[in-house]
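Trainee: I am new to this structure and would like a close look at a single part of it. Could you choose one helix and walk me through its surroundings?

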Amino acid sequence: MTPPAPRRDKGLVRPYVVTEGRSHPTRNTFDLVTLVLAHEDRPLGGLSPEKHALMELCLGGALSVAEIAGHLMLPVSVVKVLLGDLVDSGHLSTRAPIPSAELPEAQILQEVLDGLRARL
């Protein structure tokens with residue numbers, strides 16, 4: 001029995017076509033957890049279908065780069081190139097994620113534990 005021929009989705013577009021042949025964003029400041037915010041006042045006309053879909057997605061609220069790539073089913077590297085273009089054109093802004101709280105020092109935790117044990 002011969003294996004089935006590989007399927008090609010009708011909507012498949014090569015990543016280099018989506019990014020207009022570029023493999024790196026104009027700015028290299030996007031991390032997987034960088035938050036992306038869309039500016040509602042920017043016109044969407046003239047954007048490529050992928051950029052338009054990215055804008056529509058981000059108009060719902062802040063999303064991380066990883067979330068955008070997942071929703072659009074595009075490689076993260078492609079999303080970063082698209083994001084760079086949209087930030088340069090003023091359609092999007094980005095911000096670093098809110099840092100998690102710093103963990104207390106082990107010494108402080110040990111002192112609390114010792115104090116609790118002394119009271120029991």
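Mentor: What follows is a look at helix H4, beginning with the protein around it and ending with a patch elsewhere on the surface.

Please keep in mind throughout that this is a predicted model. The protein has five helices and three strands, and when these are read along the sequence they follow the pattern α-β-α-β-α-α-β-α. Of the 120 residues in the protein, 26% are buried, and among the contacts with a separation of 6 or more, 73% join residues that lie 24 or more positions apart.

Helix H4 itself runs over residues 76–88, and its 13 residues reach 18 Å from the first C-alpha to the last, which is close to the 18 Å expected at 1.5 Å a residue. Many names in this helix belong to the list of buried residues: Val78, Val79, Val81, Leu82, Leu83, Gly84, Asp85, Leu86 and Val87. After the helix comes Gly90, whose phi is positive, near 85 degrees.

The setting of H4 becomes clearer through the largest nonpolar core, which has 20 residues, and in which Val36, Leu54, Cys58, Ile68, Val79, Leu83 and Leu92 touch the most other members. Strand S1 (35–38), helix H2 (49–58), helix H3 (65–72) and H4 each supply at least two residues of this core, and the largest share, six residues, comes from H4.

Two residues let you follow this core from opposite sides. Seen from H4, Leu83 is in contact with Phe30, Val36, Leu54, Val65, Ile68 and Leu92, once its neighbours within four places in sequence are left aside. Seen from helix H2, where Leu54 is found, the partners of Leu54 are Ile68, Leu72, Val79, Leu82, Leu83, Leu86 and Leu92, again not counting residues up to four places away in sequence. Leu54 has a relative accessible area of 0%, and therefore counts as buried. Although Leu54 and Val79 are 25 residues apart along the chain, their C-alpha atoms are separated by 8.6 Å.

For a contrast with these buried positions, turn to the surface, where Ile108, Val112 and Leu116 form a nonpolar patch with about 270 Å² of accessible area together. Ile108 is found in helix H5 (residues 106–119), and because its relative accessible area is 45%, Ile108 is partly exposed. The accessible surface of the protein as a whole comes to about 8,800 Å², of which 58% belongs to carbon and sulfur atoms.

Terms used:
Residues numbered from 1 in each chain as written. Predicted model: local features only at pLDDT ≥ 70, side-chain atom pairs only at ≥ 80, totals over all residues. Heavy atoms only, no water. Helix = DSSP H or I, 4+ residues; strand = E, 2+ residues; numbered from the N terminus. Expected span 1.5 Å × (residues − 1). Buried < 20%, exposed > 50% of the residue type's maximum accessible area, 1.4 Å probe, protein only. Core = buried A, V, L, I, M, F, W, Y, C linked by side-chain atoms within 4.5 Å. Contact = heavy atoms within 4.5 Å. Patch = residues over 30% accessible without salt bridge, like charges linked within 9 Å, V, L, I, M, F, W, Y side chains within 5 Å. Areas by Shrake-Rupley, 256 points an atom, 1.4 Å probe, with all protein chains shown as cover. Salt bridge = Lys/Arg side-chain N within 4 Å of Asp/Glu carboxyl O.
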